[in-house]
Amino acid sequence: MQRLIFRRSFSVFTVLVLLISLFLPAGAIAESNEIQTNEAEASYLRVVEQTDVYGMKENVVGKLLEGTVLQVEKVENDRVYFQWNDDLAYVNLQDVEILTEVDNVSWVDLQDFKILNVIEFPKEIEVLDGQENSPIAMIAAGEAYSVIGEDEQNYYIIIGHRQGAVAKDQLSETVEQPQSTEQTNDPEKGTNQEAVEDEINEESTPQEQSNENQELTSDQTKEANPDLKQENEETTKGQARLFTIQNQADSKTLDVVQQSVKFEKNDKYFEVLEDNLPVYDNRTGKLVKIGELKKGQVYPRVSDYGNWHRIQFSDYYGYVKKSATKPANGTSIKNENKSYKNSSKSFNAIENVTVYDNTSGKLVPFGTIEKGKGYKIASDYGNWWRIIFSDRVGYVRKSEVQLLFSQQDKYFEVLEDNLPVYDNRTGKLVKIGELKKGQVYPRVSDYGNWHRIQFSDYYGYVRKDSTRPANGSLIKNKNSSYKSNGRKITPIQKITVYDNSSGKLVPFGVIEKGKEYKIASDYGNWWLIVYSDRIGYVKKSEAIAEFYKNDRYFEVIKDNVPVYDNRTGKLVKVGELKKGQIYPRVSDYGNWHRIQFSDYYGYVQKSSTNYPTKKVVLPSENTQYTHSKSGFTATKTITVYDNKQIQGKLVPFGEITEGAHYQIAFDYGNWWGIIYAGRVGYVRKADANIKYTKYNRSFNELLNMQMKAAPQTDLYRNLPAYVSAYYIKDNKVTASTLNVREKPNNTSFIYGTLKKGSTVTIKETATGTAVNGNTKWYNIVMTWRNAKQADLSYYLNPDNFKSKEEMYQFLVLSKYTGIKGEALNKLLVGKGVLQGKGNAFATGASNHKINEVYLIAHALLETGNGTSTLAKGVPVKVKRDKNGNPIKDQNGLIEVEIVEKGKEDKIVYNMFGINATDSCPVLCGAKKAYNEGWTTVDKAIIGGAKFVGQFYIHHPTYKQDTLYKMRWNPGNPNSYATHQYATDIGWAVKQAKIISNLYDKLDVTYHTFYDIPDF
């Protein structure tokens, strides 16, 4: 029978709770001093077998029984957490099954109920489920648990968002009457009625409101406000709770006062016999003064309560001592409430607030609400709030109270400047923004002492105590279509959020430095964001935006941002990007941008960049050029310029680090055109004085070609050179061709060959391999010999020559560097006929675009420092036929003969040994000079420069503009070696050393340029 009674009573309670939950504001929960953890997404647990429940202090607080299903708050570290009392508790994950959905279970939320009492469990006690009337849990002895309701048989609690019941007969506590500590303070004096009336006449009073009648009658107080959802009288009474008052060491039981007139249980009214009679609230277990009643006033009461009257007070009960009252009838009450109901709105008294009755046409005080106490509002009445006070209709000044928030309030106004917005996702309050004084904001929901607002793509929290309820009519930028689902931005400083709906930029919020925020849309130089459900704008320049994989550009926001090369496995700095410049990128690379840099990839840290703050317009973005086979190495940090960004100006937009190699895209006069981070840039040739040229053949291919051309060397001139004595007679060669060997045998390396009749100088005799029975060999004098492949390979390989002297073999000879004749004369002192001819060399170099120092070095070598026969002048006479006409050779050149001075047609000069050969060293050189008109030293210098330029340096096919190219001709398109200035493998290096010595003697500024082969 008891089980049946329980089920009936619990069912009634359940229906009551559900009905109340439809009307009760969710904000009716006890307020918290801190923000609670965000609600978890719905998931559930089912107990596999009975298991212990652990509190947050790791102590056992109870048990869950097999088959019990509860709602889960979170799962972490193999623990499953769920609501337990007003906190969390957990069970071990291994003891439960996690579900994503369940059927036929009603769920409730502790926040939807007021905590009526806390009961202590003297022993382990069973908790039953109301739907199935089956056990779901046990609560351990000594534990205390919050009660949300009770009836005659049970206390009602919530576990894991399920309603549970604890039978009262298992507990030792009983319901007691209100207890109070003794009151020691004198009652406060009432307000003088005349003063009140004068005050009302001076101010805007209830009867003076434009939307109310001037004369407020008792009939008018009965009118209900049709616009507000109110609780009906029965529901209001249904919200009444019975309270168990905990015995406190510091509390005393109220004495029962004998009264001259005894109250009956069914008495409905009482009259107050003393002024300022206190009204108490005992919901906390202690008597707390919440208001006062006025002497001579009559009040309805809800019920008799021992030595107390229970009266209606706000949306709960207040208690008044009977000893200061007497029974009365209600005939004198003109403002007894018959129609008004409490709305969802409440206020908080900011001082002791007087409650007035205006049914007489005057304001008559009939009650007081204590400072700091909250109270429910029935309706708005101009400058007043209409309330229900002890079931009488009263009015309080709005100026004396602070309006509180209800669950239904959608907006709030900020009352102080720079009101913080907090994020609590970490479990701690972290400031993320600020709201502006006077601004109105939508809120997502009520959250105890806090407003929950939209902030980025999560929730922010704002303290209520610096705000007041508002309507949204003043908000012109309320969001209705945008979503915070764009890229994230991170402020680099505290940034202001602006409203531009008025045509002006009005600040209405702040985002803290370093706090990420999701944008809604791109808006030119601004980001459009949704900020507390209002449309706002923040400057792009004040925040760093995240990059998407497909973003094409980035903007540099710091000075001198490094570009790194990681091809070696280490980060090597190769350049720098400039602040404020925008660059295309090849791809996203985690925390880096991958960019084009020379003919490989460079990497730039994203943290030093931002998504472009303005529309990207890059006139210099490369769309047509590709890298050539030539490049350079920066011998110092080189600035890269853009000549299209600002018309008529060179704008620096990058740097190439000293030592970094870079490929050239095109030649542009005094500049190299390059492709730098996807943009066309320009570097001064004077700054980029080393370039590398790739060729369409490998090093080994070139080596094999050169070996077939019988390269010569004087490296072995002091080593033995052997010929068979069999072929030598009277120091002359008798064989048609005689090999000269490294050793006295027929198999050693061949240094060269001698033709029949050649004279040899014998140094010594040696014994070797027999030739036709003769074992005698001669060691002969031989300077120039065939080079071995290893030696050829050494001189052919550019990587073997890194010193300053040797580098001059890569000196670009096709550039006149502008050294004046006077400076060049210092190089010609004591150089025979060349002394003082600096101007001639400068003219020849300038006219024919040749490096002037190279030109001098070449002339000094060929003329023996200006002392050779051809240098000093050769007298020649033209050869003529019998008719007196000059005789010409097959090439059309006039034949000449050398004659004694005084008999010549001309004296001619040749400063570069042009056409002079070993077999015809003077005549052939003089013949060339005569036909070219080189009849003075100056003409020979300038004319020789022209010849060298045309046939080597500026040759249309071979373009041999370095000593290396003149010797080896690596760009030769043929499959064999050809058009090489010399046969000596060391010729280019020797010339380089001469040039180096000459440059060392100069005391003027000059520029040199280098072109190094890259095989």
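Glutamate 370 and lysine 289 meet through their side chains in a salt bridge, with 3.6 Å from N to O. In this predicted model, the pair connects distant parts of the chain, 81 residues apart. Glutamate 370 sits in the loop between strand E26 (364-369) and strand E27 (374-376), while lysine 289 belongs to strand E18 (residues 288-293). How do the two partners fare for cover? Glutamate 370 has a relative accessible area of 13%, so it counts as buried, since buried means under 20%. Lysine 289, at 24% relative accessibility, is partly exposed.

**Two more links across the chain**

Another salt bridge joins glutamate 271 and lysine 326, whose closest N and O atoms are 3.8 Å apart. Here, too, distant parts of the chain are linked: glutamate 271 is in strand E16 (residues 269-272) and lysine 326 in strand E23 (residues 325-328), with their positions 55 residues apart. Lysine 326 is partly exposed, at 35% relative accessibility.

Lysine 694 and aspartate 1014 form a salt bridge as well, at 3.0 Å from N to O. Lysine 694 lies in strand E63 (residues 690-694) and aspartate 1014 in strand E76 (residues 1010-1014), so this bridge ties together parts that are 320 residues apart in sequence. Both ends are partly exposed: lysine 694 has 34% relative accessibility, and aspartate 1014 has a relative accessible area of 26%.

Here are the three pairs side by side:

| Salt bridge | N to O distance |
|---|---|
| Glutamate 370 and lysine 289 | 3.6 Å |
| Glutamate 271 and lysine 326 | 3.8 Å |
| Lysine 694 and aspartate 1014 | 3.0 Å |

**A shared network and the wider chain**

Which residues are joined into one network by salt bridges that share partners? They are Lys265, Arg301, Asp304 and Lys322. In total, the structure holds 56 salt bridges, including the pair of glutamate 370 and lysine 289 described at the start.

Now for the chain as a whole. Its secondary structure comes to 14 helices and 76 strands. Of the 1015 residues in the protein chain, 51% are buried, and glutamate 370 is one of the buried residues. Among contacts in the protein chain with a separation of 6 or more, 66% are between residues 24 or more positions apart. As for the outside, the accessible surface of the protein chain is about 48600 Å², and carbon and sulfur atoms account for 46% of that surface.

Note on methods. Residues are numbered from 1 along each chain as its sequence is written. This is a predicted model: local features need pLDDT of at least 70, side-chain atom pairs count only at pLDDT 80 or more; totals for chains, interfaces and linings use all residues. Side-chain values use heavy atoms; hydrogens and water are left out. A salt bridge is a side-chain nitrogen of Lys or Arg within 4 Å of a carboxyl oxygen of Asp or Glu. Helices (H or I, at least four residues) and strands (E, at least two) are DSSP runs, numbered from the N terminus. Buried means under 20% relative accessible area, exposed over 50%, partly exposed in between (1.4 Å probe, protein chains only). Contact means heavy atoms within 4.5 Å. Accessible areas come from the Shrake-Rupley method with a 1.4 Å probe; for residues, only the protein chains shown count as cover.
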